[in-house]
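This briefing addresses a protein model with a bound ligand. It is meant to be read with the sequence and coordinates at hand.

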Amino acid sequence: MDYFEPKTIREAVSLLARYGEKAKVIAGGTDVLVDMKFKEEPSCLVNIKRIPALSYIREDDGFLRVGTLTPIREIETSSLVRQKLPLLWEAAHQFASLQIRNTATIGGNVCRASPSGEMLAPLLVLEASAVARFSRGEKKLPFGELFLGPGQTLLGSKGLLTEIEIALPPERSGSVYLKHAVRGAMDIAMVGVAVLLTPDAGGKKAKDVRIGLGAVAPTPIRAKSAEKALRGKAMARAVVEEAARRAAADAKPITDHRASAEYRRWIVEALTRKGLAQAWKAATGKEVDR
Ligand SMILES: Cc1cc2nc3c(=O)[nH]c(=O)nc-3n(C[C@H](O)[C@H](O)[C@H](O)COP(=O)(O)OP(=O)(O)OC[C@H]3O[C@@H](n4cnc5c(N)ncnc54)[C@H](O)[C@@H]3O)c2cc1C
């Protein structure tokens, strides 16, 4: 196996262009090393950990920018993230064990493109973009288009993710990430639900609602018909119940060793109902009307 430790983004990108599908990027290695042990070894490994310019969290003109090599633990301990993007903080906080959070990177989680990847549903509702470098230059790929299927993204084998760009949500919005797993944070999500809700100026209606679902389709998805059922409506219990039912119908789960499709839909409905109530309370300080 050929092994490289590029020192610059340009060097890494030219290695990916040269080796194409034979090359595998390794960041924290918490997915790659497990695959190498239990599945197959790539013929070329490109370790990007020696590129110092790829680990940072910074606020910049209405955006939070997170470098691809930023460990999940740094996101969890960042006061900037906790204050400006509590949704991302919550997802980082519920991510695996401390040891894994210290090693796993945000970029590795995104590029792994696992339907149950913890950071994906939150980044989808935050309408983040993936900034990637190719040998032909830089591209900004919206999260709504980034995922093609399990393990597949628009980056293909030649793109290097460098940054996640996230527009800061309105200050009066409320958000929540709920993960359902048998062993809590130590387990891969059976279902993940991310909600971002912005009330109208009067604090009675939902002006903007975004609901992201993880582990219930080949890629993370937005529960579009549930969002539509809420947008512009007064936040009453019957409206929330209807939205939760629609979210369950928006999900396209499979049955596997973790849970049946039917059980996953039921959890989506329960978590969406709970998530909407919590996000509304976080935004307005009020309970959903009866
Ligand atoms: C015990 C254990 C528990 C886990 N628990 C969770 C959990 O609770 N939630 C969860 O979401 N995940 C979990 N995972 C999965 C894993 O930790 C995450 O997916 C992690 O974020 C991967 O990051 P990494 O830096 O280790 O990626 P790596 O393993 O280095 O890479 C992952 C993939 O991304 C590609 N890649 C990495 N960086 C780039 C880049 N900059 N550009 C292009 N491609 C890139 C690699 O080629 C590879 O395909 C767990 C894993 C283990 C072993």
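The points below cover the ligand site, the cysteines, two backbone torsions and several individual residues.

The model is predicted. The ligand lies between domain 1 (2-167) and domain 2 (174-284), because both domains give residues to the shell around it. That shell holds 29 residues. The structure contains zero disulfides.

**Ligand shell**

- Among the 29 residues that surround the ligand, the closest are Val25, Ala27, Thr30, Asp31 and Thr105.
- Sorted by class, the shell around the ligand comprises 14 nonpolar, nine polar and six charged residues.
- Both domain 1 (2-167) and domain 2 (174-284) contribute to the shell, so the ligand is placed between the two.

**Polar contacts of the ligand and its burial**

- A polar side-chain atom of Thr68 is found 3.2 Å from a nitrogen atom of the ligand.
- Gly29 places a backbone N or O atom 2.8 Å from an oxygen atom of the ligand.
- At Ala96, a polar backbone atom is 3.1 Å from an oxygen atom of the ligand.
- The ligand taken alone exposes 990 Å², and the protein buries 87% of that area.
- Three elements give two or more residues to the shell around the ligand: strand E2 (23-26), helix H7 (106-112) and strand E10 (160-167).
- Helix H7 gives the most to this shell, with four residues.

**Positive phi values**

- Most residues other than glycine have a negative phi.
- Ala96 has a phi near 45°, a positive value in a residue other than glycine.
- The position of Ala96 is the loop between helix H5 (86-93) and helix H6 (98-103). Ala96 counts as buried because its relative accessibility is 19%, under the 20% limit for that class.
- Ala113 also shows a positive value for a residue other than glycine, with phi near 50°.
- The loop between H7 and H8 contains Ala113, which has a relative accessibility of 2% and therefore counts as buried.

**Cysteines**

- How many disulfides does the structure hold? The count is zero.
- Cys44 takes part in no disulfide, and the nearest cysteine sulfur, that of Cys111, is 16 Å away.
- Why does Cys111 form no bond with Cys44? The sulfur of Cys111 is 16 Å from that of Cys44, its closest cysteine sulfur, and this is too far for a bond; a disulfide requires sulfur atoms within 2.5 Å.
- Is Cys44 buried or exposed? Cys44 is buried, as its relative accessible area is 0%.
- Cys111 counts as partly exposed because its relative accessibility is 31%, a value between the limits of 20% and 50%.

**The loop between H7 and H8, and helix H8**

- Glu118 is located in the loop between H7 and helix H8 (120-125). With a relative accessible area of 6%, Glu118 is buried.
- The side chain of Glu118 forms a polar contact of 2.6 Å with the side chain of Tyr177.
- Leu120 belongs to helix H8 and is buried, with a relative accessible area of 0%.
- Between Leu120 and Ile221, the C-alpha to C-alpha distance is 9.1 Å, although 101 residues separate them in sequence.

**Other positions**

- Ser173 sits in the loop between E10 and strand E11 (174-180). Its relative accessibility of 16% means that Ser173 counts as buried.
- Ser173 and Asp256 are 83 residues apart along the chain, and their C-alpha atoms are separated by 35 Å.
- Helix H12 (residues 261-284) includes Leu276, which is buried at a relative accessible area of 0%.
- Leu276 and Arg101 are 175 residues apart in sequence, and the distance between them in space is 27 Å, C-alpha to C-alpha.

Conventions. Residues numbered from 1 in each chain as written. Predicted model: local features only at pLDDT ≥ 70, side-chain atom pairs only at ≥ 80, totals over all residues. Heavy atoms only, no water. Near = heavy atom within 4 Å. Polar contact = N/O pair within 3.5 Å; in protein donor to acceptor, adjacent residues only side chain to side chain. Areas by Shrake-Rupley, 256 points an atom, 1.4 Å probe, with all protein chains shown as cover. Nonpolar A, V, L, I, M, F, W, Y, C, P; charged D, E, K, R; others polar. Domains from an automatic or database assignment. Buried < 20%, exposed > 50% of the residue type's maximum accessible area, 1.4 Å probe, protein only.
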